[in-house]
Amino acid sequence: PQVEQSESDPQLLTKSHLLHLCETIKKELNTSIRPLRDVSHYYFDGQGKYIRPMIVLLTAEACNNHTSNSRTILPSQETVVMVSEMIHTASLVHDDVIDGADTRRGKTSVNKMFGEKMSVLAGDYILSCASQALARLGNAEVVELLAKVVDDLIKGEFMQLGSKEHPDERFNHYLEKTYKKTASLIACCCKAVSVFGGCSPEIQEIAYQYGKNIGMAFQIVDDILDFISTDMEMGKPTATDLQLGLATAPVLFACEQFPDLNALIMRRFKGPNDVEEARQAVHKSDGIARSYTLASQYAKEAVRQINKLSPSPHRDALVKITQEVLKRRK
Ligand code: 2DE
Ligand code: MG
Ligand code: MG
Ligand code: MG
Ligand code: MG
């Protein structure tokens, strides 16, 4: 039977749970060391998109519905939902230090507000609290799964620092980096909730593949928005990837049309006019359109995967989120 549209609205289905998420996380981060508490609480202000916890929560419910042993979310799954946002935020705190960002979600970035030293320690602290909460669940498989996510985040961010790949390997390098810095966290958290739901290996794989593919689509769109959105819309600096020396999908596609871009990519846009030249080339090329096509292919695969689960409002909501990820402007 057709599920009512409003019944499968991702925001409506997760609102009551996500409303308490920041408060729950702040409790987890509670410490008598006041400045540490203030810095680590800073990004848990309710202003995020909370796309990761939303996806992980809906995946848990879609999986539980499937196994029919339990229909409501389990405490262990709630912890994974929380941990997904904590690991993500810890990585953003460090990322803002690395990128020297001035703003995030429309406010002064943590590094500009509290300084780099405190921000590095706060990122470490958030990660440590997330690890403790996860370890308390006593499931070694899930602990290892999420430890691997942190490994991926570090290597993904490291890959951006300055490797010089051969032009033929550039696109694969970009895709691998995208998996590590964004898709791995979503994929593994989706898998973790299916593990806690007592799902079969087949269902676990569907959850993983769904998370991986929507994660890839999400980051490719983020890389597109860096070119076409504004600081105001995004609430964080845009047009920064080129300045940071990063060749993302739009530039890599543009380079196929304008091979002169090769030299700029090789020197990581360090020449006096490189950033502007590359930006204009991207807009003249079909780099943005082809990047959207690439993101839609991942989104389509995400939908194909999740539709293998039995029908439920939560499954339909996961399909809707995939479409929203492609359409998002911030
Ligand atoms: C966001 O990328 C960064 C994601 C991964 C960062 C990983 C780090 C390793 P962006 P925006 C720093 C350490 C991980 C820990 C502590 C868990 O494209 O555009 O720069 O939002 O994101 O700045
Ligand atoms: Mg950044
Ligand atoms: Mg970065
Ligand atoms: Mg970005
Ligand atoms: Mg960025």
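**Entry 1: metal site**

I count as donors the N, O and S atoms within 2.8 Å of the metal, and water is not among the atoms, so sites may look incomplete. I keep that in mind here, since this is a predicted model.

I looked up the magnesium ion (ligand 3) with that cut-off. Asp 95 (OD) and Asp 99 (OD) coordinate the magnesium ion (ligand 3), at 2.1 to 2.3 Å. I then turned to the magnesium ion (ligand 2). Its donors are Asp 95 (OD) and Asp 99 (OD), at 2.0 to 2.1 Å.

Which residue bridges the two magnesium ions, ligand 3 and ligand 2? I find Asp 95 in that role, with the ions 3.1 Å apart.

**Entry 2: the two aspartates**

I checked where the donors sit in the chain. Asp 95 and Asp 99 are both in helix α5, and because they are four residues apart there, about one helical turn separates them.

Are they buried or exposed? I read 15% relative accessibility for Asp 95, so Asp 95 counts as buried. The limit for buried is under 20%. Asp 99 comes out at 28%, so I note Asp 99 as partly exposed.

**Entry 3: a surface patch**

I stayed with helix α5, which I have as residues 75–99. Ile 98 is found in this helix. I get 48% relative accessibility for Ile 98, so Ile 98 counts as partly exposed. Exposed would need over 50%.

I next asked which residues make a nonpolar surface patch with Ile 98. Phe 158 and Leu 161 are its partners, and the patch covers about 350 Å².

**Entry 4: internal space**

I moved on to cavities. Rolling a probe the size of a water molecule over the atoms shows where empty space is left.

How many cavities of 30 Å³ or more does a search of the whole structure find? I get one. The largest cavity holds about 220 Å³ of space. I list 16 residues lining the largest cavity. Closest to its centre are Ser 163, Glu 165, His 173, Ala 247 and Arg 268.

I then sorted the lining by element. Two elements, α9 (170–196) and α13 (261–266), give two or more residues to the lining of the largest cavity. Which one gives the largest share? I find that α9 does, with four residues.

How values were computed
Residues numbered from 1 in each chain as written. Chains lettered and ligands numbered in written order. Predicted model: local features only at pLDDT ≥ 70, side-chain atom pairs only at ≥ 80, totals over all residues. Heavy atoms only, no water. Patch = residues over 30% accessible without salt bridge, like charges linked within 9 Å, V, L, I, M, F, W, Y side chains within 5 Å. Areas by Shrake-Rupley, 256 points an atom, 1.4 Å probe, with all protein chains shown as cover. Salt bridge = Lys/Arg side-chain N within 4 Å of Asp/Glu carboxyl O. Buried < 20%, exposed > 50% of the residue type's maximum accessible area, 1.4 Å probe, protein only. Donors = N, O, S within 2.8 Å, 3.2 Å for Na, K, Ca; no water. 1 Å grid on protein atoms, 1.4 Å probe; cavity = no way out; pocket = protein on both sides within 12 Å on 5 of 7 lines; lining within 4 Å. Points joined across faces, edges and corners; volume = space filled by probe spheres on them.
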